[in-house]
Amino acid sequence: MIDKPDIATLLASVLADEGGAVTPPIVQTSLFSFDSYAAFEARMAGESDTALYTRVQNPTVAAFESLMAGAEEGDAAVGFASGMAAISSTVLAFIKPFDRIACVEHVYPDTYRFFEQILRPMGVEIQYHSASAFESDPDLLDGVAVAYLESPSSVVFAPLNLPRVAEHARRHGTLTMIDNSWASPVFQRPITLGIDIVLHSASKYISGHSDTVAGVVVSSRAHIARIRDLTLPLLGAKLAPFEAFLLTRGLRTLNARMMLHKATADLFVDRLGQVPQVRKVNSPGANTVPGLSGRSGLMSIEFDDSVDIPAFSDALRLFRLGVSWGGFESLLLPARVGLAQAGAHNSMQTFGVSPNLVRLNLGLENAEDLWADFQAALSASLT
Ligand SMILES: *Cc1c(COP(=O)(O)O)cnc(C)c1O
């Protein structure tokens with residue numbers, strides 16, 4: 001039984017002062033003015049925390065942040081203009097030259113590029129480890145400032161035992177961060193498993209409609225205060241009020257959408273096991289690792305050499321071709337397209353993925369229709 005996140009209760013408290021409105025107002029203003037000198041001075045002196053300027057504070061954004069903090073069972077949250085803004089602004093708030101970061105292999109490719117092309121030249125040392133190394137080596141985090149995690153990882157979807165990694169991290173005083181975009185708080189709430197900071201590309205399941213790019217970070221009050229004090233105002237990649245409104249709309253259906261994604265993904269995993277051309281299915285399900293309560297709709301499969309992947313891609317009718325995921329529409333991303341990315345210095349090239357791998361984003365269309373589409377495209381593409 002999945003009874004959390006209880007968005008309805010969280011939303012009721014966010015909307016308590018909105019005169020019966022069931023959605024938050026979009027407060028489209030850059031600044032908030034003051035009635036008196038005394039009130040202005042008190043705000044600048046930090047004696048009150050009323051809104052001042054939308055780069056750092058806005059009521060529509062605050063409503064979304066409070067829902068996310070509740071959903072992830074953290075104390076506080078801060079929204080960003082994109083998932084990458086959330087990731088870069090969070091890591092930069094906690095890292096300095098000569099610090100060490102331990103990161104999972106097959107990390108999201110742009111996170112890898114941020115580490116390799118921005119942090120490494122600034123003197124930060126980054127080491128990449130497999131999930132099993134993170135789990136089995138209790139001293140892997142010795143001297144490590146930040147453990148940067150994804151569970152499961154991108155593209156190959158390797159899951160990680162988060163309570164165990166959190167325990168190693170506590171022993172070494174390592175700050176733990178996880179990108180929880182894949183599971184969403186419906187299937188995994190890392191803070192309850194001992195992880196310090198949760199990051200999301202809210203462009204994916206949180207939004208759920210492929211119509212906005214956004215990010216959010218959830219953590220303790222102290223960690224969020226540090227981000228709000230340093231990188232949110234000084235790098236300035238804030239979440240906009242209208243985007244926050246769309247994300248709050250998305251959160252209202254998050255539970256229902258995730259249940260449907262899971263049902264379709266379960267059906268695919270079940271049937272893919274019977275397809276002779278499918279060598280491998282990468283899709284961690286409920287209880288694969290402690291604290292993971294369901295599989296989301298993003299998975300990858302490896303075909304054998306009998307499948308012509310470009311022909312398979314072109315034969316699909318319901319699945320569209322594209323990056324990103326987490327919305328209504330089903331998508332296919334062949335690994336060989338990602339491996340061919342021009343000029344990219346990317347984690348999939350470094351850590352390897354099979355050119356026979358394709359990533360499936362199972363959307364919210366009828367599951368039997370999706371399966372029929374998959375099967376028809378497969379038979380049309382056998383060499
Ligand atoms: C898309 C994605 C990101 C980046 O998020 P943006 O909102 O596109 O900046 C980060 N992590 C994962 C796992 C993603 O899929």
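Let's start in a loop. E73 lies in the loop between α3, residues 59-71, and β1, residues 76-80. Look at its backbone. Phi of E73 is near 55°. That is a positive value, and the residue is not glycine. Keep in mind that this is a predicted model.

Next, a second loop. It runs between β4, residues 146-150, and α7, residues 162-172, and P152 lies in it. What kind of peptide bond joins S151 and P152? A cis one, with omega about 0°.

Now the ligand. Where does it sit? The space taken by the ligand is the largest pocket. Which residues surround the ligand? Going up in number, we begin with S82, G83, M84 and I87. Then come Y108 and D179. After those, S201, S203 and K204. The list ends with V213, A214 and W325.

Sort that shell by class. Six residues are nonpolar, four are polar and two are charged. Which helix gives the most to the shell? Helix α4, residues 83-94, with three residues.

Let's look at some polar side chains around the ligand. Take S203. One of its polar side-chain atoms lies 2.6 Å from an oxygen atom of the ligand. Take K204. Here a polar side-chain atom is 2.7 Å from a ligand oxygen. And S201 places a polar side-chain atom 2.9 Å from an oxygen atom of the ligand. How much of the ligand does the protein bury? Taken alone, the ligand exposes 380 Å², and the protein buries 87% of that.

Last stop, a sheet. Five strands form it, and the sheet is open. The order is β8-β9-β12-β11-β10. Is the pairing mixed or uniform? Mixed. Which strands are at the edges? β8, residues 278-282, and β10, residues 320-321. Each of these two pairs on one side only.

Step inside the sheet. Strand β9, residues 298-303, pairs with strand β12, residues 357-361. The sense is antiparallel, over five bridges. To find one of them on screen, pick S300. Its bridge partner in β12 is R359.

So much for the tour: two loops, the ligand and its shell, and the sheet.

Definitions and conventions: Residues are numbered from 1 along each chain as its sequence is written. This is a predicted model: local features need pLDDT of at least 70, side-chain atom pairs count only at pLDDT 80 or more; totals for chains, interfaces and linings use all residues. Side-chain values use heavy atoms; hydrogens and water are left out. A residue is near a molecule or strand if one of its heavy atoms lies within 4 Å of it. A polar contact is a pair of N or O atoms within 3.5 Å; within protein, one must be able to donate a hydrogen and the other to accept it, and residues adjacent in sequence count only if both atoms are side-chain atoms. Accessible areas come from the Shrake-Rupley method with a 1.4 Å probe; for residues, only the protein chains shown count as cover. On a 1 Å grid over the protein atoms alone, a cavity is a set of points where a 1.4 Å probe fits but cannot get out, and a pocket is an open set with protein on both sides within 12 Å along at least five of seven lines; lining residues have an atom within 4 Å of a point. A molecule sits in a cavity or pocket if more than half of its atoms lie within 2 Å of its grid points. Helices (H or I, at least four residues) and strands (E, at least two) are DSSP runs, numbered from the N terminus. Ala, Val, Leu, Ile, Met, Phe, Trp, Tyr, Cys and Pro count as nonpolar, Asp, Glu, Lys and Arg as charged, and the others, Gly among them, as polar. Two strands pair if DSSP finds at least two bridges between them.
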